[in-house]
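Q: Please take a close look at one strand in this model for me, starting with how it pairs. After that, I would like to hear about the contacts between chains and between domains.

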Amino acid sequence: MATIKLQQVEKKFGDFQAVKPMDLTIQDGEFVVLLGPSGCGKTTTLRMISGLETVTTGTIMLGDRNVTWLHPSERDVAFVFQFYALYPHISARENISFPLRAQGESKDVINQRVQEVAALLRIEHLLNQRPGNLSGGDQQRVALARALVRRPEAFLMDEPLGALDADFRETMRAEIKQLHIDQNATTVYVTHDQIEAMAMGDRIVVMSEAVVQQAGSPHEVYYDPANLFVARFIGSPGMNLVSSVYSQGVVSIPGTENRYSVPDGWQTPINETLEGEGQIVLGFRPEAAQLKTDGPLSGEVYASELQGAFSVLHVNVNTDDIVHIRSDRQIDYPIGTTLRFDIDPQMVRFFDPGTEAGIKREVSQ
Amino acid sequence: MATFNEVGPGKPVTESSRVDKLTPRSRFSHGMRAIIVIVIAIVILIPIFVMVNTAFKTRPEVVSVPPKVIYTPTLEGFVLLLTERAIASPATLEQLKAAAAEGELGLFDRIALESGQEITGPSQYVTRLRNSVIIAGLSTIASVVLAVFAGYAFSRYQVKGKNDLLFFILSTRFLPAVVVTVPLFLMYTQLELHDTHIGMILLYTVFNLSLAVWLMKGFFDEIPTEYEEAALVDGYSRLQAFFRIVLPQAATGVAATAVFCLIFAWNEYAFALMLTSEVARTAPPSIPTMLGRGGIEWTAIAAGSLGFLIPVVIVVFLLRNYLLRGVTFGAVRK
């Protein structure tokens, strides 16, 4: 296992910049998820690490080796594809042993390692089947086995669960996470599904428009999004973002009576960013809103969705902005009701609408 | 939305949209279709049926009116086709008859003896059939091998001027054979390729290559690149990945392409007539030459055509599964 280091790695297809120069270090044994909407460059990044795509500029280090210009077969990385890419004309056993045969391992070693990995993934009974006869989940297990059997420097997974049914995806998610814990293997995992990213990643690298927007733990990207894109993209629904005006420690939503006093620790950085006063974006998660009869903010219920364990209320805080508020599923709020609510001072966030960047809270001593 | 409401969950399904195959009406149309297929098959098969019959009849039986339906099959036609014969002198005739009585004479010799002839050697047709096998076989192998690599390159790599090149390759097929035979004849005489095996193999290879490259490119396009990519990260070189992963999956394509090439090279008439004479002459142009020798040898011609037909039938029969899948490749999978 090894660390992966990307230094100023860039990829252009003709004039199109698929990945703008990026730096990223993936620690030994870390599970890093590249997350972003389709076309953001996450798969291209993964393919550059694997060598299936050449870099336009920059350096890729795998451990101590500079692998930037090495052939994929010389990099010692395993790649798991979204559509499994199992060789259809040979059995599952031969598929799994295929990379070992490339290394010229002896028959005994191959058989033993195939058995081990098949036992680990519980696919021993499927070894003699052709891939075409297996279910999607079993095919992906065989594909994982083919990656694991090599004991490579790193695992690269390109949306490995994207082609599976929803209920199966959850099972496989847990299995892959469990495998990672067992093997402690450096893993780079690409997905556009933020639930998957939150559930599996030690660290999430959020990409959009060929640029890394934020790299941090699931907790960080969820609670402290670096910019408006990450705030909107992470979470379902995403963070509530309300265009407001800041002046002298108070955020007000234009055209309404809504005023929110900025909690401690925020005033100095906001003053610095906005140079006194100006436009600001108020952000909070649906679960950060607390319904209170004396809350400083109010709005009219526009819609209510029962999500099972809780309800999500769509609340009009002014004509343009609808916020989502998580509420008790047992209390019914008819459409049109006016609600008052407060925001948990620990969970409120502010963004600069000019740069779209998040404003950082003063670190309290 | 309107359609959703019409067929939506609100309304129960009262009639099946599927045509039930058991109603008298559909059974009737099914029967009609079968009859039409049989009639078409008979119409197509009649010439072949006549040819097979003619090959096994005697010369008087072939020309008799009305045609004889019941007859004793004979290999006379094949003897005429495959051997050179001479009128036996009375002395040799006696010897041969004695040998025949003791059962020492081969089948063909005995048949020749019946019309007072002795076999002096194999006919030219045997060499020509062999030429056909060599030329068609080697040119098919050559075009398929070249097309496999060219098709793969066109399918996977960014080749400069790819579309122009592909069009250029195809354009070699635009001119009918008859138009290019004269210039080719002049070229071949200059290059001393006229009436040589290598000349004909080259010609058929080049002629087949356009179709073969296009076919193979199409088959490779159907194979997802992930397979090779998986093999690449699994530690194989491009060439290894190609031979171990891509080529086995393109087997149907290779078989289909090979059959198309073989059929063309095997049946080709115009080039063979113009560009070969003695050494490298193939079977197709030599069958009509039998028309001339002392009356029309219908039995020999039929026997020649039948013998000529059989190798292709065997190849197609052996590859039939590949062919069916190959021809419908892409049409059924997506």
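**A strand and its partners**

A: Happy to. Strand β3 of chain A, residues 31-35, and β9(A) run parallel and are joined by four bridges. Please keep in mind as you read that this is a predicted model. For one register point in that pairing, take A:V32: its bridge partner in β9(A) is A:R203.

The strand you asked about, β9 of chain A, covers residues 203-208, and five of its six residues are buried, so "mostly covered" is a fair description of it. For that label, a residue needs 20 or more other C-beta atoms within 10 Å of its own.

Besides β3(A), β9(A) has another partner to follow. Strand β10 of chain A, residues 211-216, pairs with β9(A) in the antiparallel sense, over five bridges. Within this pairing, A:V206 stands opposite A:Q214 of β10(A). β9(A) and β10(A) form a hairpin with two residues between the strands, and in that hairpin A:E209 takes a positive phi near 50°. If you plan to look at side chains along the strand, one general point helps: in a regular strand, the side chains alternate between the two faces of the sheet.

Now to the contact between the chains. Chain A puts 17 residues into it, and chain B puts in 13. On the chain B side, the elements giving two or more residues are α11 (226-233) and α12 (238-249) of chain B. Of these, α11(B) provides the largest share, six residues. Sorted by class, the chain B side holds seven nonpolar residues, along with three polar and three charged ones.

Chain B also has a contact within itself. It is divided into domain 1, spanning 59-122, and domain 2, spanning 125-328. Taken over C-alpha atoms, the centres of these two domains of chain B are separated by 38 Å. Nine residues from domain 1 of chain B and nine from domain 2 of chain B make up their contact. On the domain 1 side, α3 (59-63) and α4 (76-82) of chain B each supply at least two residues, and α4(B) gives the most, with six residues. That domain 1 side of chain B consists of six nonpolar residues, one polar residue and two charged residues.

Definitions and conventions. Residues numbered from 1 in each chain as written. Chains lettered and ligands numbered in written order. Predicted model: local features only at pLDDT ≥ 70, side-chain atom pairs only at ≥ 80, totals over all residues. Contact = placed C-beta atoms within 7 Å. Nonpolar A, V, L, I, M, F, W, Y, C, P; charged D, E, K, R; others polar. Domains from an automatic or database assignment. Buried ≥ 20, exposed ≤ 12 C-beta atoms within 10 Å, placed from the backbone. Pairing = 2+ DSSP bridges.
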